[in-house]
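Q: Could you take me on a close look at one single part of this structure? I am new to this, so please explain the terms as they come up.

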Amino acid sequence: MWRQILLGSSVLGVASALHITVLITAIEVLPVFTVSDADVAHWLLIIVALVTILVGHTLQIWIWAIVLVATRAITSLEDAIYFILVTSTTLGYGDITLQPRWRLFGAMAAVNGLLTFGLSTAFLIEVFARSYG
């Protein structure tokens, strides 16, 4: 149990920190995009924001999937990516499950998804506020 908690907390911390770093970097870069046409500028900001969110989530999905395969909690990378996508979005189909000794680790992946989707939502709202506010 403690191994799952320690490893899950570590991966959650690294993946969340990476996601936050991607968002903060985007916040610093977004003002660089200045276009004379206001409509184009708004759309450009939104597109960059959405791509940023996609990159952040993709990186953390890969981190979780690699750890799942490295610990042999899931044997194939494809299954690990699928499991993390379903778990971090809290969709939870249940067609791929972890052995009891890894269940807490899987639950922490869901917590990571909730946290970072919340951060992504706040980031997108801020982009809209700056763009149209």
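A: Let's start with the words for how two helices lie: an angle under 35 degrees counts as roughly parallel, over 145 as roughly antiparallel, 65 to 115 as roughly perpendicular, and the rest as oblique. Each angle runs from 0 to 180 degrees between N-to-C directions, and the axes are lines fitted to C-alpha atoms, for helices over the stretch in contact.

What you see is a predicted model, where local features need pLDDT of at least 70 and side-chain atom pairs count only at pLDDT 80 or more, while totals for chains, interfaces and linings use all residues. Residues are numbered from 1 along each chain as its sequence is written, and side-chain values use heavy atoms, with hydrogens and water left out.

First, the setting. The protein has 4 helices and 0 strands (DSSP runs numbered from the N terminus: H or I of at least four residues for helices, E of at least two for strands). Its C-alpha trace spans about 55 × 25 × 20 Å along the principal axes. Of the 133 residues, 38% are buried (under 20% relative accessible area, with exposed meaning over 50% and partly exposed in between, using a 1.4 Å probe and protein chains only). Among contacts (heavy atoms within 4.5 Å) with a separation of 6 or more, 69% join residues 24 or more positions apart.

Now zoom in on helix α4, residues 103-132, and its meeting with helix α3, residues 77-88. Their axes are 8 Å apart and the angle is about 60°, which makes α3 oblique to α4. The crossing is right-handed (the near helix is turned clockwise from the far one by less than a right angle; anticlockwise would be left-handed). On the α3 side, F83, I84, T87 and S88 make the contact, and they meet G106, A109, A110, G113, L114 and F117 of α4. These residues divide into 6 nonpolar, 4 polar and no charged (Ala, Val, Leu, Ile, Met, Phe, Trp, Tyr, Cys and Pro count as nonpolar, Asp, Glu, Lys and Arg as charged, and the others, Gly among them, as polar).

S88 deserves a pause. Leaving aside residues up to four places away in sequence, S88 touches A109, A110, G113, L114 and F117. With a relative accessibility of 9%, S88 counts as buried. Follow the chain into the loop between α3 and α4 and you find T90. T90 is partly exposed at 46% relative accessibility, and its phi is near 60°, a positive value in a residue other than glycine.

α4 also packs with α1, at an angle of about 15° and with the axes 9 Å apart. These two helices are therefore roughly parallel to each other, and α1 passes α4 in a right-handed crossing. The residues of this contact comprise 16 nonpolar, 8 polar and 2 charged. For a landmark, try I20 in helix α1, which covers residues 2-29. I20 is partly exposed, at 35% relative accessible area. The C-alpha atoms of I20 and F123 are separated by 9.9 Å, although their positions lie 103 residues apart along the chain.

To finish, glance at the other loop beside α3, the one that follows α2 (38-70), where you will find R72. R72 is exposed, with a relative accessible area of 67%, and has a positive phi of about 65° although R72 is not a glycine.
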